[in-house]
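User: Could you take me through one part of this model at close range? I would like to know how a single strand sits among its neighbours and what lies around that part of the fold.

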Amino acid sequence: MNAGSTTVQVARHIRGRKNLTIATNALFVAVELLNNLDVEILALGGILHSTTGATVGPEAENMLRKLTFDYLFLAGDGFDIEHGITTTNVLEAHLSQAMILSARTKVVVMDSTKFGRRGLTRVCDVREVDIVVTDDGVPGETKSALEDIGLQFIIV
């Protein structure tokens with residue numbers, strides 16, 4: 001899981017799950033999972049951003065190069081069909097790109113207000129994502145376009 005308010009919500013919803021190993025660069029995600037004894041937390045090291053509570057940099061990226069995961073839960077600041085998934089922080093985007101390479105299934109988790117928006121830095125093309133989880137505020141034409149390119153779309 002990368003850093004973001006939506007990934008913190010994902011962490012809250014996996015309480016009680018057993019035999020999980022979760023790697024994250026997000027302190028808020030790690031704290032959310034801390035009291036769950038059946039979840040092993042792999043905290044990615046690096047430079048800590050005080051504004052996001054996320055670690056970034058080559059140390060975290062090097063850790064990811066040695067690992068493989070079944071799922072990545074990826075939050076972002078923007079989701080534009082033509083431009084892709086974006087974020088406002090260059091170093092966080094770079095780390096998210098390394099996370100994408102280490103995961104088999106990529107799940108974007110973001111609320112509908114981020115669709116049609118672009119952040120400063122591109123993380124990946126929408127075709128690099130497998131599943132999109134969001135709320136019911138995404139316009140129907142956007143949902144249809146994403147399904148047309150093969151993305152699974154889940155409304156929660």
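Analyst: Happy to; here is a walk around strand 10, followed by a look at the nonpolar cores. Please keep in mind that this is a predicted model.

Strand 10 covers residues 131-134 and is buried on both faces. Ile131 and Val133 lie on one side, while Val132 and Thr134 lie on the other. That split fits a simple rule: in a regular strand, side chains alternate between the two faces of the sheet.

Now for the neighbours. Strand 8 (residues 103-109) pairs with strand 10 in the parallel sense through three bridges, and Ile131 is the bridge partner of Val107. Strand 11 (residues 152-155) also runs parallel to strand 10, joined to it by four bridges. There, Thr134 stands opposite Ile155. Between strands 10 and 11 comes helix 5 (residues 140-148), and the three together form a right-handed β-α-β unit.

What about the nonpolar cores? The largest one holds 27 residues, and Phe79 and Ile85 have the most contacts inside it. Two or more residues each come from helix 3 (58-65), strand 5 (69-74), helix 4 (90-102), strand 8 and strand 9 (121-124). Helix 4 is the top contributor, with five residues. Leaving aside residues up to four places away in sequence, Ile85 touches a list of residues including Leu74, Phe79, Val108, Met110, Val123 and Val129.

Our strand comes back in a second, separate core of 16 residues: Ile131 belongs to it, and Met1, Leu33 and Val109 are also among its members. So that you can place it, this is the Ile131 that pairs with Val107 of strand 8.

Conventions:
Residues numbered from 1 in each chain as written. Predicted model: local features only at pLDDT ≥ 70, side-chain atom pairs only at ≥ 80, totals over all residues. Heavy atoms only, no water. Buried < 20%, exposed > 50% of the residue type's maximum accessible area, 1.4 Å probe, protein only. Pairing = 2+ DSSP bridges. Right-handed = clockwise from strand over helix to strand, strands pointing away. Core = buried A, V, L, I, M, F, W, Y, C linked by side-chain atoms within 4.5 Å. Contact = heavy atoms within 4.5 Å.
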